[in-house]
Amino acid sequence: MKYILGLFCLSLAAIANFSSAQADSLANATAIHYQIIAERSHKPSLFTQGFLVKDGNFYESSGLYNKSEIVSYPIAEPQSTWAKMSASFLQKQHLPDRFFAEGLTLFNNKLYLLTWQEGVVFVYDATNFSLIKSLNYKGEGWGLTSDSKQLIRSDGSAQLFFHNPDTFAVEKTINVKYKQEAIINLNELEYVDGFIWANIWHDNRIVKINPATGDVVGVLDFSETAKNLKIKDPESVLNGIAYDADKKAFWITGKQWPKMFLVTIEH
Ligand SMILES: [Ca+2]
């Protein structure tokens with residue numbers, strides 16, 4: 001028992017060292033300065049996996065087996081509190097119980113939804129959330145975004161996969177790094193003005209990535225705001241970056257977070 005406990009402690013220490021090694025490798029990256037200009041409620045039952053904005057509405061996917069769904073709702077804060085927010089979902093679609101919803105993106109008025117380990121991407125009509133088709137892929141699904149030509153997927157590693165939107169075949173991959181050190185655990189994604197933004201799983205930082213090289217060009221540290229939420233569940237991590245083109249700002253939230261924040265980048 002002692003031996004097993006020792007091994008357990010050792011592996012915990014290894015994990016801690018590994019993540020602090022990554023923390024250190026990003027510590028010297030250029031800090032992205034930002035300002036929180038607004039906040040609003042976020043429904044804490046949503047285990048946020050994909051998050052985006054289009055034409056005044058949020059589109060969000062929520063994970064976990066038996067509970068996975070995609071929803072849309074207006075950016076304008078409802079008069080009622082989040083507790084009544086389910087009434088104000090514009091559209092909602094549940095997944096079959098055996099699928100764990102992951103990253104979500106919009107391409108040609110279609111919503112593409114990854115699944116975690118099921119190897120299936122679902123394609124929905126963005127207007128009414130009806131299922132158009134499903135496609136298969138190999139590997140895990142974590143985050144998803146689009147540069148208007150290809151769909152870009154993360155799988156929890158330092159690699160990003162560029163998929164053909166019609167066939168979902170992988171056409172290109174890049175390795176995300178800062179000064180040659182791999183940046184792993186890339187999760188929710190957002191493509192904005194020629195750069196990919198990715199939040200790091202179990203970390204409160206968001207990296208800005210050059211999609212041509214995979215180089216991290218800046219780091220946005222959201223730790224202070226995340227810690228102020230005083231969330232108890234260790235899995236309720238920051239996960240959700242949605243660019244609001246009208247406001248030229250990012251909405252940032254997390255899994256089961258009670259709030260989301262509107263953030264402008266200072267140049
Ligand atoms: Ca996103």
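Hi everyone. Let me start with a definition: donors are N, O and S atoms within 2.8 Å of the metal, or 3.2 Å for Na, K and Ca, and since water is not among the atoms, sites may look incomplete. What we have here is a predicted model, where local features need pLDDT of at least 70 and side-chain atom pairs count only at pLDDT 80 or more, while totals for chains, interfaces and linings use all residues. Residues are numbered from 1 along each chain as its sequence is written, and side-chain values use heavy atoms, with hydrogens and water left out.

So, to the calcium ion. Along the chain, its donors are spaced F-x136-E-L-E-x50-I. Which atoms coordinate the calcium ion? They are the O atoms of Phe51, Leu189 and Ile241, an OE of Glu190, and two OE entries for Glu188, at 2.3 to 2.8 Å. Glu190 sits in strand β16 (residues 186-192) and Ile241 in strand β20 (residues 238-244), so this pair ties together parts 51 residues apart in sequence. Strands here are DSSP runs of E, at least two residues, numbered from the N terminus. Glu190 and Ile241 are both buried, meaning under 20% relative accessible area with a 1.4 Å probe, protein chains only.

Finally, the core. A nonpolar core is a set of buried Ala, Val, Leu, Ile, Met, Phe, Trp, Tyr and Cys residues joined through side-chain atoms within 4.5 Å. The largest one has 18 residues, and Leu26, Leu160 and Ile183 are among those with the most contacts inside it. β16 is one of the elements giving two or more residues to this core, while the largest share, three residues, comes from β17. Thanks, all!

Technical notes. Helix = DSSP H or I, 4+ residues; strand = E, 2+ residues; numbered from the N terminus. Buried < 20%, exposed > 50% of the residue type's maximum accessible area, 1.4 Å probe, protein only.
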